[in-house]
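Colleague: I have a model open here and would like to go through it. Can we start with a single residue and work outwards?

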Protein chains: 2
Amino acid sequence: MTTQELVGQIYKKQSFLCIGLDVDLHKMPKHLLDAKDPIFEFNKAIIDATHHLAVAYKPNTAFYEAYGIKGWQSLQKTIQYLNSNYPDIFTIADAKRGDIGNTSTMYAKAFFEDMEFDSVTVAPYMGKDSVEPFLAFKNKHTILLALTSNQGAFDFQTKEVEGKELYKQVLETSIAYKNSENLMYVVGATKAEYLSDIRKIVPNSFLLVPGVGAQGGNLKEVCKYGLNTQVGLLINSSRGIIYASNDADFAKSAASKALELQEEMKQILEEIK
Amino acid sequence: MTTQELVGQIYKKQSFLCIGLDVDLHKMPKHLLDAKDPIFEFNKAIIDATHHLAVAYKPNTAFYEAYGIKGWQSLQKTIQYLNSNYPDIFTIADAKRGDIGNTSTMYAKAFFEDMEFDSVTVAPYMGKDSVEPFLAFKNKHTILLALTSNQGAFDFQTKEVEGKELYKQVLETSIAYKNSENLMYVVGATKAEYLSDIRKIVPNSFLLVPGVGAQGGNLKEVCKYGLNTQVGLLINSSRGIIYASNDADFAKSAASKALELQEEMKQILEEIK
């Protein structure tokens, strides 16, 4: 999917919501545990109930890998289901990969070719030649970790590197990477005030913002500092939506929570028209 | 496996060699491609031919993920084969994972519980709460990226953060993490001279050193600066060993290359006795 197509979907659905599919067998409705593939059945129900309210889905690969081959199969079924039934959805493999050149190429193949995700999250620590192999794939997007939403972000990301915080160095350095037009960035919503500085460095890039909801970020604050002329934001909510209820009506409850966010987003989009 | 058991194996085998199982269908002997699981058959042959010369094996997960479910199955078969037949081998999942707390726990479960690896490589960018979930597993080892062997290492890792290079900040900060006795570090062999500084910060930790061979590192140089009283080094070679030949005798050729390194290591261990 191209960035323009993503922007088109955002205006069409009046939503820049991304739903995180971080599925934990211990948290899902008990009645699904008897299914052949409970994780896929859970995802399918959530997707069917919310696809008109969200523009993106983001399975975090950790939650699938933890269940071994079975989990990997659930992930593949989920992405295939999305691609077959909702081709207008932007898909994100939240995998936080990154390795030396030829190895990053293998990861890129795994997510872009084998599973046909539109995008993958990548960690910047190993630098240019660990990121560029992902950027080489046309109409695929590499979402680089800049400022994450967890407490550990203060260990290194906000430390000054040659007079500038590390996450800003990551943003500035990455702009010079080959095919950097395929870059997006992860920016945690728990630090909305940082967004205005970030927008000075990457005014046109899409930002994937986790941490609205369970991690305490505020949607209005994030939009105030983060929106650009093409919206430029994907706001992720995982637990706040998918675990809204764990009764038989879990998908309906998830849709209600998604609708709340979508309505807030619609209002914000109308205000900036 | 405990660190003491690993040290015991090193002295017993007179080797601190780790063999990287980065298996690429395009590089392996053609006659194996007809097998039901070529990647596993390749690994099995390499392991059977070299297990007496190496103390550790390190599959890089990217090379398995690139082949989807089939690749993941090959990885599981490989680790099961190692654990069943060579329980004295130290196993490393070179996965370079790292995410917020509950998500890192899922990755730890994937590699330590579901697949029963002894260790996993982890990226430090997200800080303390992305690393500690791995450290919570007893007798399992978390190998944190400090200074990698690729060119991109100079993008951020060697930049000064509050008066000290980022990789040194990573080393110093991580020492204060809970259960930090379960930490080892990745340190690229292409920068052997850095090792004496690193040893000042982590004198007792094991260092996993990639980049000897294909990436140009020199074994003697690395040992000069990196050895400690318990050896404290695992030297990885991947392509230089496993692709020594791609004829029918590939495993024998791999063993010859591994033997060369093991003999060099034996001599070094004798010199420091």
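**Residues, bridges and the interface**

Modeller: Asn139(B) counts as partly exposed, at 38% relative accessibility; buried means under 20% relative accessible area, exposed over 50%, and partly exposed in between, with a 1.4 Å probe and protein chains only. This is a predicted model, where local features need pLDDT of at least 70 and side-chain atom pairs count only at pLDDT 80 or more, while totals for chains, interfaces and linings use all residues. Residues are numbered from 1 along each chain as its sequence is written, chains are lettered from A and ligands numbered from 1 in the order in which they are written, and side-chain values use heavy atoms, with hydrogens and water left out.

Colleague: Where is Asn139(B) found?

Modeller: In the loop of chain B between helix 6 (128-135) and strand 5 (141-147). Helices (H or I, at least four residues) and strands (E, at least two) are DSSP runs, numbered from the N terminus.

Colleague: And what does Asn139(B) touch?

Modeller: Leaving out residues up to four places away in sequence, Asn139(B) touches Met1(B), Thr2(B) and Asp118(B). Contact means heavy atoms within 4.5 Å.

Colleague: How far is Asn139(B) from Ala95(B) in space?

Modeller: C-alpha to C-alpha, 18 Å, with their positions 44 residues apart in sequence.

Colleague: Next one. Is Ser253(B) buried or exposed?

Modeller: Ser253(B) is buried, as its relative accessible area is 16%. Its place is in helix 12 (residues 250-271) of chain B. With residues up to four places away in sequence not counted, Ser253(B) touches Ala244(B) and Ser245(B).

Colleague: Switching to chain A. Which residues of helix 1 are buried there?

Modeller: In helix 1 (residues 3-13) of chain A, the buried ones are Leu6(A), Val7(A), Gln9(A), Ile10(A) and Lys13(A). They lie on the same side of helix 1 of chain A, because they cover an arc of only 160° around the axis. The arc is that of the directions from the helix axis to the C-beta atoms.

Colleague: What do the buried residues of that helix pack against?

Modeller: Strand 3 (90-97), strand 8 (183-187), strand 10 (233-237) and helix 12 (250-271), in chain A. Just after helix 1 of chain A comes Gln14(A), with a positive phi of about 50°.

Colleague: Now salt bridges. How many are there over all chains?

Modeller: The count is 24 over all chains. A salt bridge here is a side-chain nitrogen of Lys or Arg within 4 Å of a carboxyl oxygen of Asp or Glu.

Colleague: Which partners does Lys168(B) have?

Modeller: Lys168(B) forms a salt bridge with Glu165(B), where the closest N and O atoms are 3.4 Å apart. Lys168(B) also meets Asp197(B) in a salt bridge, at 3.0 Å from N to O. That second pair links distant parts of the chain, 29 residues apart, with Lys168(B) in helix 8 (residues 166-175) and Asp197(B) in helix 9 (residues 195-201) of chain B. Lys168(B) counts as buried at 12% relative accessibility, Glu165(B) is buried at 19%, and Asp197(B) counts as partly exposed at 26%.

Colleague: How many salt bridges are there between chain B and chain A?

Modeller: Four. One pair is Glu65(A) and Arg97(B), with the closest N and O atoms 2.9 Å apart. Glu65(A) counts as buried at 0% relative accessibility, and Arg97(B) counts as buried at 0% too. There is also a network of salt bridges linking Lys58(A), Asp94(A), Lys96(A) and Asp99(B).

Colleague: What area is buried between the two chains?

Modeller: About 4900 Å² between chain B and chain A, of which carbon and sulfur atoms give 62%. Buried area is the accessible area (1.4 Å probe) that two parts lose on being put together, summed over both. On the chain B side, Met106(B), Tyr125(B) and Phe156(B) lose the most area to chain A, together 19% of what that side buries.

Colleague: And how many residues take part in the contact?

Modeller: 56 residues from chain B and 56 residues from chain A.
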